[in-house]
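Okay, thanks everyone. I'll put the model up and then talk through the fold and what sits inside.

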Amino acid sequence: MSDSSVVTALLAAAAAENAAVYGYSVAGARLATGQDKNAARTAYDAHRAQVQTVTQWLADLGATPAPAAPVYRLPSPGTDNPTARALLAAVEESTAEAYADVVAVASAQLQREAALQLQAAAIREAQWRTTSVPFPGLVGRLDL
């Protein structure tokens with residue numbers, strides 16, 4: 001695959017990671033249990049670290065992601081526990097989608113790393129949704 005398609009996919013992954021950090025900062029305070037708040041903090045930290053990783057992947061290809069936006073449009077308001085959980089599930093689905101796109105265009109090593117991030121997002125999504133979805137990262141993108 002071409003470097004430009006990999007860069008494009010990684011730029012989308014960087015944006016998804018920054019949006020995830022924002023989403024967790026909004027929704028985390030609305031979660032009802034200490035266990036959920038701890039899980040949200042762990043996920044928030046994972047997404048922050050992944051922003052740095054994706055930034056390095058891009059640097060290795062001679063590209064730089066856009067800086068994080070001050071705010072992001074969220075798929076739901078996250079104003080109470082149920083909507084916060086739904087928001088976090090949607091954030092993780094969006095992150096999984098971005099990594100699915102990287103997997104589709106990357107070479108072997110980067111493809112493996114992106115697949116691991118897709119898997120991590122799918123696990124977090126299932127936690128917030130309390131059920132799993134078939135083909136995480138591809139929901140709504142497949143004709144099933």
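So, the chain has four helices and zero strands, where helices (H or I, at least four residues) and strands (E, at least two) are DSSP runs numbered from the N terminus. Along the sequence that reads α-α-α-α. A word on the source: this is a predicted model, with local features needing pLDDT of at least 70, side-chain atom pairs counting only at pLDDT 80 or more, and totals for chains, interfaces and linings using all residues. Residues are numbered from 1 along each chain as its sequence is written, and side-chain values use heavy atoms, leaving out hydrogens and water.

Now the inside. The largest nonpolar core, meaning buried Ala, Val, Leu, Ile, Met, Phe, Trp, Tyr and Cys joined through side-chain atoms within 4.5 Å, has 22 residues. Buried is under 20% relative accessible area, with a 1.4 Å probe and protein chains only. L10, V54, L58, Y99, V102 and L110 touch the most other members. Helices α1 (3–27), α2 (34–60), α3 (81–105) and α4 (108–129) each supply at least two residues of this core, and α1 gives the most, seven.

Who does L10 meet, neighbours within four places in sequence aside? In contact, so heavy atoms within 4.5 Å, are V54, W57, L58, L61, V102 and L110. There's also a second, separate core of 16 residues, including Y44, V51, L88 and W128.

Zooming out, 40% of the 144 residues count as buried. And of the contacts between residues at least 6 apart in sequence, 77% join residues at least 24 apart. The C-alpha trace spans about 45 × 35 × 25 Å along its principal axes.

Key
Buried < 20%, exposed > 50% of the residue type's maximum accessible area, 1.4 Å probe, protein only.
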